[in-house]
Amino acid sequence: MKLQYIAALSLLALTGAGCATRSVMVTEPDGIGRPLTSKIEAQDIRATVEKMAESLISDPGVLEATNGARPVLDIEPMQNRSQMIVDMRAITDSIRMRLIRSRLFRFVDRSTSGADITIMDEQAQLGLTDPRKAVRGGKQSAAQMYLTGAGR
């Protein structure tokens with residue numbers, strides 16, 4: 001009886017020791033040791049933007065279009081079609097800045113909104129602006145290329 005009791009305790013101890021858990025930490029492949037999460041972090045956005053911009057800049061069709069010229073590029077805000085909350089404006093701005101630094105493109109000026117144009121038009125019609133100093137219409141460069149996208 002004692003032998004069976006000792007054998008049962010030994011078996012229980014071995015089983016319990018086999019079920020002991022160790023903590024395992026899965027980290028990002030960059031070697032810094034941050035825990036791997038499902039959240040989108042700033043370094044994820046930077047890496048994605050860099051990869052997207054490099055892909056665009058090194059594309060043979062883009063290289064052919066920019067050969068010796070700096071075409072005017074219009075960048076539409078990226079759209080978020082995922083379930084995650086992502087600042088797509090920040091991604092669009094980061095891509096724009098990376099492409100500006102590449103010096104391969106000129107960009108459409110989107111700083112003047114439709115409301116601003118309406119106000120300037122009204123001021124001109126009311127005689128509030130000096131026609132000699134006003135910038136003539138049609139002097140802005142039109143976009144030759146468009147960049148749009150969506151995150152999924």
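Hi everyone, let me start right at one side chain: apart from residues up to four places away in sequence, Arg 98 makes contacts with Glu 50, Ala 53, Glu 54 and Ile 57. Before going on, please keep in mind that this is a predicted model.

So where does Arg 98 sit? It is part of helix α4. Is Arg 98 buried or exposed? Its relative accessibility is 15%, and the cut-off for buried is under 20%, so Arg 98 counts as buried.

That brings us to the helix pair. Two packed helices are described by the angle between their axes and the distance between the axes. Here, the axes of α2 and α4 come within 9 Å, crossing at roughly 45°. That angle makes α2 oblique to α4. As for handedness, the α2 and α4 crossing is right-handed.

Who makes the contact? On the α2 side we have Ile 45, Val 49, Glu 50, Met 52, Ala 53, Glu 54, Leu 56 and Ile 57, and α4 answers with Ile 91, Ser 94, Ile 95, Arg 98, Leu 99 and Ser 102. By character, the residues of this contact between α2 and α4 are nine nonpolar, two polar and three charged. You'll recognise our opening residue, Arg 98, in the α4 group.

Now to the nonpolar core. The largest one holds 14 residues, and Leu 73, Ile 91, Ile 95, Leu 99 and Leu 147 have the most contacts inside it. At least two core residues come from each of α2 (42-58), β1 (72-75) and α4 (88-102). Which element gives the largest share? That is α4, with four residues. To take one core member, Ile 95 touches Val 49, Met 52, Met 78 and Leu 147, again setting aside residues up to four places away in sequence.

Let me move over to strand β1, where we find Asp 74. With a relative accessible area of 7%, Asp 74 is buried. Its contacts, beyond neighbours within four places in sequence, are Val 108, Arg 110, Ala 143, Met 145, Tyr 146 and Leu 147. Leu 147 is a name you have just heard, as one of the residues with the most contacts inside the core.

Next, follow the chain out of α4. Arg 103 is placed in the loop between α4 and β3. Here is a detail for the backbone fans: Arg 103 has a positive phi of about 60°, although it is not a glycine. Its relative accessibility is 66%, so Arg 103 counts as exposed.

After that loop we meet Arg 106, in strand β3 (residues 106-107). Arg 106 is partly exposed, at 37% relative accessible area. Leaving out residues up to four places away in sequence, Arg 106 touches Arg 70, Pro 71, Val 72, Leu 73, Ser 141 and Gln 144. Take Leu 73 from that list: it is 33 residues from Arg 106 along the chain, with 6.0 Å between their C-alpha atoms.

Finally, let's step back to the whole chain. There are five helices and five strands, and from the N terminus they run α-α-α-β-β-α-β-α-β-β. Of the 152 residues, 14% count as buried; Arg 98 and Asp 74 both qualify. And among contacts with a separation of 6 or more, 73% involve residues 24 or more positions apart.

That's my tour, thanks for listening, and I'm happy to take questions!

Notes:
Residues are numbered from 1 along each chain as its sequence is written. This is a predicted model: local features need pLDDT of at least 70, side-chain atom pairs count only at pLDDT 80 or more; totals for chains, interfaces and linings use all residues. Side-chain values use heavy atoms; hydrogens and water are left out. Buried means under 20% relative accessible area, exposed over 50%, partly exposed in between (1.4 Å probe, protein chains only). Contact means heavy atoms within 4.5 Å. A nonpolar core is a set of buried Ala, Val, Leu, Ile, Met, Phe, Trp, Tyr and Cys residues joined through side-chain atoms within 4.5 Å. Axes are lines fitted to C-alpha atoms, for helices over the stretch in contact, and angles run from 0 to 180 degrees between N-to-C directions. Angles under 35 degrees count as roughly parallel, over 145 as roughly antiparallel, 65 to 115 as roughly perpendicular and the rest as oblique. A crossing is left-handed if the near helix is turned anticlockwise from the far one by less than a right angle, and right-handed if clockwise. Ala, Val, Leu, Ile, Met, Phe, Trp, Tyr, Cys and Pro count as nonpolar, Asp, Glu, Lys and Arg as charged, and the others, Gly among them, as polar.
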